[in-house]
Amino acid sequence: MAKLQFHLLSIFSFSLLILVSGVHGGGDHHHHHRRHGRHLFNSRPNKLFVFGDSYADTGNIQKSLASSWKEPYGITFPGKPSGRFSDGRVLTDYLARFIGVKSPLPFKWINHAANNLKYGMNFAFGGTGVFNTLVPLPNMTQQIDIFQKLMHDQVYSPMDLHSSSAFVSVAGNDYSFYLATNGSAQGFPDFIRKVVNQTIENLKRIQKMGVKKIVVNALQPLGCLPGITFGSSFRQCNESQNQLVGFHNLLLKQAVAKLNNETGDSTFLILDLNTAFFTVFKNKGDRPGSTTFENPLKPCCVGISSEYSCGDVNVNGTKMYTVCDDPKATFFWDFVHPTQEGWRSVYLALQANLQQL
């Protein structure tokens, strides 16, 4: 039933963000990330707590729900499917390196890897939103509830949180669900306000628990996702959808600025994924260290027809998808998610953004 829900949502434009059945960077210099982490956070945090969706999930989502646990996901890192919605690392992994810690343990494994709790914890589940979506997984409020229970159970102490940071990923699943249940974009501006307002409440709640630095992403250009651009042979973004993204990001920027004014400190930081994605798309080789993608909107892994997605097999076990020769040469892995190389390039594009915050 869960798989059916995901495919039903694919008929809606924004729904591609929650299709965890497929339509939904390894050689970095570690010391480079640590140096910039000290600059951004002053006293570098030693833990990272993560909340959100498939752009941040590193293995929480159930295997029965997600193609991220099927081949060929994970072929670049760690060499097999790990629950990451990519061929390799995702944004969480790069942010962890940025502040100088190991990628935090997915909550799913809390009873099996106690020694790794010292790096923080990842509560993100692919397919989830600020509010409830069609997937039977914890929304962001419930993810924070889990975090709060760990505090109550003394898994983490107030001192742990005082020296920690948090990453909150909001990649658009709420808008997928809104379109899936409403069938039109009527009332969209009011709903965008609700999503941003609830996001802000979540940020404030995490701060009140004691986390000193909280990073939230601006929405990426949803109109440029391969699930949207396939109609133009992956050549042209949908500008009307990107305008809605712009409205979300404007409201978020204003709300975060207000929060920082109220706290008197730069507690809340925005990662401008929208600008970073476009910076990578437009790169023609003039950015040292960044990859130039010949056609950045074209994904690496796709189903052989519209009824199949990356990772799907038929009843005989035959692969019903194709994979490009070199994932490092493509920005998008599947119809929604970047490749490891895509995320690495986005991370590099975020450097100036991070140092200004």
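## Contacts, sheet and cores in a predicted model

Beyond its neighbours within four places in sequence, Thr92 is in contact with Leu48, Val50, Tyr55, Ala56, Thr58, Ser103, Pro104, Asn122 and Phe167. The model is predicted. Thr92 sits in helix α3. Its relative accessibility is 0%, so Thr92 counts as buried.

Helix α3 lies across four strands: β1, β3, β4 and β6. It runs at about 155° to β1.

Next, the sheet. It is open and has six strands, in the order β2-β3-β1-β4-β5-β6. The pairing is parallel. Strands β2 and β6 stand at the edges. Each has a single partner strand, so one side of each is left without a neighbour in the sheet. For β6, four bridges join it to β5. Val216 has Ile270 in β6 as its bridge partner.

These are the residue ranges of some of the elements.

| Element | Residues |
|---|---|
| Helix α3 | 91–99 |
| Strand β1 | 47–51 |
| Strand β3 | 120–122 |
| Strand β4 | 164–168 |
| Strand β5 | 213–217 |
| Strand β6 | 268–271 |

Now the nonpolar cores. The largest has 86 residues. Those with the most contacts inside it are Phe51, Phe167, Val168, Leu203, Phe277, Trp343 and Val346. Helix α7, residues 188–209, gives the largest share of this core, nine residues. A second, separate core has eight residues, among them Ile61, Leu65, Ala66 and Phe125.

Which residues does Phe277 touch, leaving aside its neighbours within four places in sequence? Phe277 is in contact with Tyr55, Gln220, Pro221, Phe331, Phe332, Pro338, Trp343 and Val346, those neighbours left aside.

Terms used: Residues numbered from 1 in each chain as written. Predicted model: local features only at pLDDT ≥ 70, side-chain atom pairs only at ≥ 80, totals over all residues. Heavy atoms only, no water. Pairing = 2+ DSSP bridges. Helix = DSSP H or I, 4+ residues; strand = E, 2+ residues; numbered from the N terminus. Contact = heavy atoms within 4.5 Å. Axes fitted to C-alpha atoms, helices over the stretch in contact; angles between N-to-C directions. Core = buried A, V, L, I, M, F, W, Y, C linked by side-chain atoms within 4.5 Å. Buried < 20%, exposed > 50% of the residue type's maximum accessible area, 1.4 Å probe, protein only.
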